[in-house]
Each structure stands twice: as C-alpha cells, then as structure tokens.
Amino acid sequence: MSTIAFTIMFAVWLMFGILGKPIQNEFGLTDVELSWISAVAVLNGSMWRLPAGMLADRIGGRRVMIAMLLIGAVASFAVSFANSYPMLLVLAFLVGFVGNSFSVGVSWNNACFSDRRKGFALGLFGAGNVGASVTKFIGPAIIAATAGATYTLGVQGGWRLIPVLYALLLLATAAATVAFTPRHDRMPGATKSVGQMLAPLSDVRVWRFSLYYVVVFGAYVALSAYLPAYYVDNFGVDLATAGLLTATFIFPASLLRPLGGWVSDRWGARRAMYFTFFVMLAASGVLMMPNGHIVLYQPDGGTRDILHYSISLGLFVALVFVMGCAMGIGKAAVYKHIPTYFPDNVGSVGGLVGMLGGLGGFFLPPMFAYAKAWTGMANTAFGILFGLTAICLVWMHWTVHRMLGAESPHLSDELEVPVSPRSPIDSLTHEEARA
C-alpha cells in the first residue's frame, strides 16, 4: 500500500511535466516561466522531507501517509480552477507537498523489514517513482478527448480534468490505506528527542549521500519534467509521442530500483554507485555535444567543414534510456547506505537525503531553462548533469581510497569498507558490511 500510495502521489507531484505545454499555450508563458511551475511543485515536495521522515518515526508512517493523501487530494482538485499564472504558481506549490511522501514511506518500510531485506524493500517502495510516467500515458489522450467539455461542479475538460481525476484517486487510496494496512504503527523514534534524531546530520557522510541523490534523483525529477518539451521542440514530435518517449526514461529509472536494492544487498552499495556514475558520465557526455561541425580556415583563404555531428531521435532515446537504467540502480544504492550506517535514525537521515535530492529537482529545471536561454542550445542541460556526476564520482573515489588507506592500507585497491572494531558496521554480517 505504501508503494501504491507513493506511485499516485509521485504522479500528482510531477503532473506539470506533461500538462506544461497545454498550460503554456493557454496562458502564453515563456519557457522560463513554464519551468518555474514544475520547479515550485518540486520545491514543496522536497523541503519538508526531513520533518516528514522524523514525524513518521515519531508517530508512525501509516498516519502520516494517510494525512498526505488527503491534503494532496484537496490541493490537486484546486489546480483545476487556476485562472492566472500567479495562481498556478501558488497551487503548483501546494500540490507539490505530496512529494514529501517519499521519506514517510522510507521510514515506514524501514521499521517493518530486517537489515538483510531492507535494500530490496526500500528499492521496491522507491519504484513508485514510476508514477512520473502515469500522466505521460493518460494525459495527452484525456486532454485531447475532453477539450472544451464541462462537467459537474464546473470542472472543465482538457488539462484541467487531470488534477480532478488525481484528487479522486488520492481519496480512494487514502480509504484503501485505512482499510488494508495494519492499524498498529511501528514508531522507532517515539522515545527520542528532536536533538537525538538530528544528531547524525552532523556526519559528513549524510551530506555526501545527499549530493549523490541530487544526481540520481534530483536530475531524474528534472528530466521527467524537461524531456516532454525537449522532444517537442527539438525533434518535432507531438505531445502524445513526447510523453511515450519520456516514459522510456522514467520506467527504467523507476522499475530498476528494486534491482538496484538487490544488487546493493548482494555486492555492495558502493559498487552500484560506481556503475551508476560511470554510465551516467558516458551517456551525458554524448548527449551534451551540440549538433554541428568544425570549420577549418585554410592558408589559401578557403574553408573546410569536418567532423559533422548530429544526434538522431533513436540515439537520443537510447542514451536517455541507458541513463535512466543507471539512475534506477543508483537511487536504491544511495538509500541502502542509510540503514547500514544510521540504523536508528533512518527517518531523519533519509529525510535530509531525500530533501536535498529533491531540491536538486527544484534547482535543475530553471538551470536547464536559463542555460538554454543563454547559449541557445537545449543540450546544455546534459552538460550540467555531466558536471554534477563528475563531482560526485571524484568525491566518492577520493573518500573510498582515503578511508581504506587509513583503515587497512593493504586493501587500498578495494571498493568497500573492511570490517574492523572501529567500523560503524562491525555488528553486521560480512555481506551486510560490504553494503
């Protein structure tokens, strides 16, 4: 039920990615103005993840999840009646609150599974990210079929019908959660003070994990909203086709999360992160190259064009798909670290990591839009992603070698922390320690 609820709330959180084009046409918005609609929704779906995770630890994930479903239903219904750009911004901000459900679900699932199963369980829950593709599939068809219609309570067809349908779905999910989930909540933080729950946040590892999550999740959120318009503007496809092509990124980036959890349980989260970063660097390195050619000026005054390059739609879709696969594995690997190193503070640590990762999804869409406006090239978005990924890989590799050199110099060529009396994971089994 937590996965179902998260899937629907994730769909609501990112619905402006596919609704953006109809909204832009109706209100006459620029690309930058449009980018802020998705950005403010992502902002509110990120900034409360830390307190939401702590609250779930304190009073139970079931209660908090039900409350979020009800709040999201009200906000989503209100979006249908927006009549100006400022009003759209305010309502997009309010509806974005459901994005904080991720840290609630992480706390709820963490309290219910053993250490040996948490990687897969959290990965399965996190696969609810696939909700980002729901609007891509149903949105264009509903918008086209209902444009110009009016329904009960003054609800209009077209893009305005989508948030109403989501509001009804959120209410139904809240009722199902009440009916089918165990009434007794596990509350690992019920007896802890706020100071005790926040204490691990002074550990630099928490902030390093957060930066990883900006790359594998924040960029995922940003691209989910950015790609539909990118396909329409740069490849000339219609909105329905753009939604389907975007889904080829969203599905692997979401559905491979359980696989990423299993890989992290089996071979270690750090190895999974190395794989993720190397694949993302390779894919974004190609995607960021602009179409064009090099002009050589010859001594006789003539010119010669060489190294013609242009990326086809098929190659673009394939590279974005590969990047989505890497992100799906990487998202689970990041969250496998948290119960391993901070087993008693998963809500607060997971909340902070999720909050900062989600804030990456807030900052990146406007960065993409401004970079495009300044350079005139839409592919600069992938240059930004390439740079962030490179920073994460360098920081992680430097940390691994410094740590292993201090703990066990003879293991300096390994990737994982050796089990030792000084290790924070010395009470785990050997395979768990490698994670």
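Helix 14 contributes the most to a nonpolar patch on the surface of this predicted model, with three residues. The patch is formed by Phe120, Leu124, Leu259, Trp262 and Trp267, which together have about 490 Å² of accessible area. At least two of the patch residues come from each of helix 8 (115-126) and helix 14 (257-267). Patches consist of residues with over 30% relative accessible area and no salt bridge, where like charges are joined within 9 Å and nonpolar side chains (Val, Leu, Ile, Met, Phe, Trp, Tyr) within 5 Å. Accessible areas are computed by the Shrake-Rupley method with a 1.4 Å probe, and for residues only the protein chains shown count as cover. Helices (H or I, at least four residues) and strands (E, at least two) are DSSP runs numbered from the N terminus.

Within the patch, Leu259 is placed in helix 14. Leu259 counts as partly exposed because its relative accessibility is 37%; the term buried applies under 20% relative accessible area, exposed over 50%, and partly exposed in between (1.4 Å probe, protein chains only).

The model is predicted, and local features need pLDDT of at least 70, side-chain atom pairs count only at pLDDT 80 or more, and totals for chains, interfaces and linings use all residues. Residues are numbered from 1 along each chain as its sequence is written, and side-chain values use heavy atoms, with hydrogens and water left out.

Side chains of opposite charge can pair when their charged atoms come close. A salt bridge here is a side-chain nitrogen of Lys or Arg within 4 Å of a carboxyl oxygen of Asp or Glu. By this rule the structure has five salt bridges, among them the pairs in the table.

| Salt bridge | Closest N and O atoms |
|---|---|
| Lys21 and Asp233 | 3.3 Å |
| Glu26 and Arg160 | 2.7 Å |
| Asp31 and Lys372 | 3.7 Å |

In the pair of Lys21 and Asp233, Lys21 belongs to helix 2 (residues 16-27) and Asp233 to helix 12 (residues 204-235), so parts 212 residues apart in sequence are tied together. Lys21 is buried, at a relative accessible area of 16%, whereas Asp233 is partly exposed at 40%.

For the salt bridge between Glu26 and Arg160, Glu26 lies in helix 2 and Arg160 in the loop between helix 9 (134-146) and helix 10 (161-180), so this pair ties together parts that are 134 residues apart in sequence. Glu26 is partly exposed, with a relative accessible area of 43%, while Arg160 is buried at 8%.

As to Asp31 and Lys372, Asp31 is in helix 3 (residues 31-44) and Lys372 in helix 17 (residues 346-375), so the salt bridge links parts 341 residues apart in sequence. Asp31 is partly exposed, with a relative accessible area of 38%, and Lys372 is partly exposed, with 25%. Salt bridges with shared partners join Lys21, Asp31, Asp233 and Lys372 into one network.

Helix 2 also contains Gly17, which is buried with a relative accessible area of 9%. Gly17 and Lys118 are 101 residues apart in sequence and 31 Å apart in space, C-alpha to C-alpha.

A further feature is the packing of two helices. Helix 5 (residues 61-79) and helix 6 (residues 85-95) pack at an angle of about 155°, and their axes are 8 Å apart. Helix 5 is therefore roughly antiparallel to helix 6.

Definitions and conventions:
Axes are lines fitted to C-alpha atoms, for helices over the stretch in contact, and angles run from 0 to 180 degrees between N-to-C directions. Angles under 35 degrees count as roughly parallel, over 145 as roughly antiparallel, 65 to 115 as roughly perpendicular and the rest as oblique.
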